[in-house]
Amino acid sequence: YSRLRDSGLDQYFHHIFVSEEIGHQKPEKAYFDHCFKKLEHFNPKHTLIIGDSLSSDMQGGCNAGIATC
């Protein structure tokens, strides 16, 4: 939360998912499955995961079948 707030980007997000709150860690597919269930009208074909970690964000997106950047 603090990184988004400090950058001023928090205002652009409707949902923020924190692994410690969800109970699953990235790159576990269960983490992404939980997030996707919370998003109304979720379509994996129209989704891009943007992250800063190859081992959690990028691998997690690949595990979940989502494009990553």
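**Buried sides and salt bridges of a predicted chain**

Reader: Which elements do the buried residues of H3 pack against?

Author: This is a predicted model: local features need pLDDT (the predictor's confidence in each residue, from 0 to 100) of at least 70, side-chain atom pairs count only at pLDDT 80 or more, and totals for chains, interfaces and linings use all residues. Residues are numbered from 1 along each chain as its sequence is written, and side-chain values use heavy atoms, without hydrogens and water. Helices (H or I, at least four residues) and strands (E, at least two) are DSSP runs numbered from the N terminus, and contact means heavy atoms within 4.5 Å. The buried residues of H3 pack against H2, strand S1 (48-49) and H4.

Reader: How wide is the arc that the buried residues of H3 cover around the axis?

Author: Buried means under 20% relative accessible area, exposed over 50%, and partly exposed in between (1.4 Å probe, protein chains only). In helix H3 (residues 29-38) the buried residues are Tyr31, Phe32, Cys35 and Phe36. They lie on the same side of H3, because their arc, taken from the directions from the helix axis to the C-beta atoms, is only 125°.

Reader: Which elements do the buried residues of H4 pack against?

Author: Ser56, Asp57, Met58, Gly60, Gly61 and Ala64 are the buried residues of H4. These residues of H4 pack against H3, S1 and S2.

Reader: Which residues is Gly61 in contact with, leaving aside neighbours within four places in sequence?

Author: Gly61 belongs to helix H4 (residues 54-64) and is buried, because its relative accessibility is 0%. Its C-alpha atom is separated by 7.4 Å from that of Pro27, 34 residues apart along the chain. Beyond its neighbours within four places in sequence, Gly61 is in contact with Phe32, Ile49, Ile66 and Thr68.

Reader: How many residues apart in sequence are the parts that Asp52 and Arg3 tie together?

Author: The structure holds three salt bridges, each with a side-chain nitrogen of Lys or Arg within 4 Å of a carboxyl oxygen of Asp or Glu. One of them joins the side chains of Asp52 and Arg3, at 3.7 Å from N to O. Asp52 lies in the loop between S1 and H4 and Arg3 in helix H1, so the pair ties together parts whose separation in sequence is 49 residues.

Reader: Lys26 forms a salt bridge with Asp57; is Asp57 buried or exposed?

Author: The closest N and O atoms of Lys26 and Asp57 are 2.6 Å apart. This pair links distant parts of the chain, with Lys26 in the loop between H2 and H3 and Asp57 in helix H4, 31 residues apart. Lys26 counts as partly exposed, because its relative accessibility is 31%. Asp57, at 7% relative accessibility, counts as buried.

Reader: What separates Lys29 and Asp33 in helix H3?

Author: Lys29 forms a salt bridge with Asp33, the closest N and O atoms being 3.0 Å apart. Lys29 is partly exposed at 43% relative accessibility, and Asp33 is partly exposed at 28%. Because the two residues are four places apart in helix H3, the separation is about one helical turn.

Reader: What accessible area does the nonpolar patch have?

Author: Patches are made of residues with over 30% relative accessible area and no salt bridge, like charges being joined within 9 Å and nonpolar side chains (Val, Leu, Ile, Met, Phe, Trp, Tyr) within 5 Å. Leu9, in the loop between helix H1 (2-7) and helix H2 (19-22), is partly exposed at 41%. Areas come from the Shrake-Rupley method with a 1.4 Å probe, and for residues only the protein chains shown count as cover. Together, Tyr1, Leu9, Tyr12, Phe13 and Ile16 form a nonpolar surface patch of about 540 Å².
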